[in-house]
Amino acid sequence: MNENEENNSNPNTYKEDLLTLWNGKDWENSNAGIYFTGKYFEKEVNFNFTGYSEKDMSLLPDDFMQRLFRELEKLDDEAHQVIQDAHPNEDASELNLTEIIFDKSGCYGEFALGYDVGESPAGRLYILVKFDKQLRVDKKLIYETY
């Protein structure tokens, strides 16, 4: 049995591997999904796996999460550039990565990087930048308020 098959058969092993990789804490499993807080350059980042169960989590390829971990700095830079291109009169470099979002529905591509812009008249504004399975950035931004 290879490592990926082993993880697929034991959701708890995958959970522990994921928490170790991202120096994660506060794992929450609810009907809405899986959530935890991880670290990226010593900054906390919220991981949202909307619509996922722990069994679904074990179906995510280990190598994909490893690659995301290794390339996150580059992806963060690419996301900042897309935001900067869309908002040339703002300084996108001031935005900090606050969320990494996976949604089982696929509405964010493979995943999205989320940036907290701050308060707006409609509520707290987030800009999301989508990526595909090959970690290619989508130039169309998503704006969400909460």
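Does Tyr-126 count as buried or exposed, and at what relative accessibility? In this predicted model, Tyr-126 counts as buried, because its relative accessibility is 15%, and the cut-off for buried is under 20%.

**View 1. Tyr-126 and Tyr-146 form an edge-to-face pair.** The ring centres of Tyr-126 and Tyr-146 lie 5.5 Å apart. Their planes meet at 70 degrees, so the pair is edge-to-face. Tyr-126 sits in strand β6, residues 123-131. Tyr-146 sits in the segment after β7 (142-145). The two are 20 residues apart, and their pair links distant parts of the chain. Tyr-126 counts as buried. Tyr-146, at 61% relative accessibility, counts as exposed.

**View 2. Trp-22 and Phe-47 form a tilted aromatic pair.** The count of aromatic pairs comes to 13. In the pair of Trp-22 and Phe-47, the rings are 4.7 Å apart, centre to centre. The angle between their planes is 55 degrees. Trp-22 belongs to the loop between α2 (11-21) and β1 (25-30). Phe-47 belongs to strand β3, residues 43-50. The partners are 25 residues apart, so this pair too links distant parts of the chain. Trp-22 counts as buried, at 1% relative accessibility. Phe-47 counts as buried as well, also at 1%.

**View 3. One aromatic cluster takes in Trp-22 and Phe-47.** Trp-27 and Tyr-52 are among its other members. The cluster also includes Phe-36, Phe-49, Phe-64 and Phe-69. Phe-102, Phe-111 and Phe-131 belong to it too.

**View 4. The largest nonpolar core has 36 residues.** In soluble globular proteins, nonpolar side chains tend to be buried together. Here, the residues with the most contacts inside the core are Trp-22, Phe-49, Met-65, Ile-100, Phe-111 and Leu-113. Two helices, α2 and α4 (62-86), each give two or more residues to the core. So do the strands β2 (33-40), β3, β4 (97-103), β5 (107-120) and β6. The largest share, eight residues, comes from α4. A second, separate core has five residues, including Ile-101, Tyr-108, Ala-112 and Leu-128.

**View 5. Met-65 touches residues from elsewhere in the sequence.** Neighbours within four places in sequence are left aside here. Met-65 is in contact with Tyr-14, Leu-18, Leu-21 and Trp-22. Phe-49 and Phe-102 are also in contact with Met-65.

**View 6. Helix α4 bends at Glu-71.** The bend is about 65 degrees. Glu-71 is itself one of the buried residues of α4. Others among them are Asp-62, Phe-64, Met-65, Leu-68 and Leu-72. Leu-75, Asp-76, Ala-79, His-80, Val-82 and Ile-83 are buried too.

**View 7. Asn-23 and Glu-42 have a positive phi.** Most residues other than glycine have a negative phi. Asn-23 is not a glycine, yet its phi is about 50 degrees. Asn-23 lies in the loop between α2 and β1. At 52% relative accessibility, Asn-23 counts as exposed. Glu-42 is not a glycine either, and its phi is about 65 degrees. Glu-42 lies in the loop between β2 and β3. At 69% relative accessibility, Glu-42 counts as exposed.

**View 8. Arg-136 lies in the loop between β6 and β7.** The side chains of Arg-136 and Gln-134 are joined by a polar contact of 3.1 Å. Beyond its neighbours within four places in sequence, Arg-136 is in contact with Lys-130 and Phe-131. Between the C-alpha atoms of Arg-136 and Asn-89 there are 25 Å. Along the chain, these two are 47 residues apart.

Notes: Residues are numbered from 1 along each chain as its sequence is written. This is a predicted model: local features need pLDDT of at least 70, side-chain atom pairs count only at pLDDT 80 or more; totals for chains, interfaces and linings use all residues. Side-chain values use heavy atoms; hydrogens and water are left out. Rings of Phe, Tyr and Trp (its six-membered ring) pair if their centres lie within 6.5 Å; planes under 30 degrees apart count as stacked, over 60 as edge-to-face and the rest as tilted. Helices (H or I, at least four residues) and strands (E, at least two) are DSSP runs, numbered from the N terminus. Buried means under 20% relative accessible area, exposed over 50%, partly exposed in between (1.4 Å probe, protein chains only). Contact means heavy atoms within 4.5 Å. A polar contact is a pair of N or O atoms within 3.5 Å; within protein, one must be able to donate a hydrogen and the other to accept it, and residues adjacent in sequence count only if both atoms are side-chain atoms. A nonpolar core is a set of buried Ala, Val, Leu, Ile, Met, Phe, Trp, Tyr and Cys residues joined through side-chain atoms within 4.5 Å. The bend at a residue is the angle between axes fitted to the seven residues ending there and the seven starting there.
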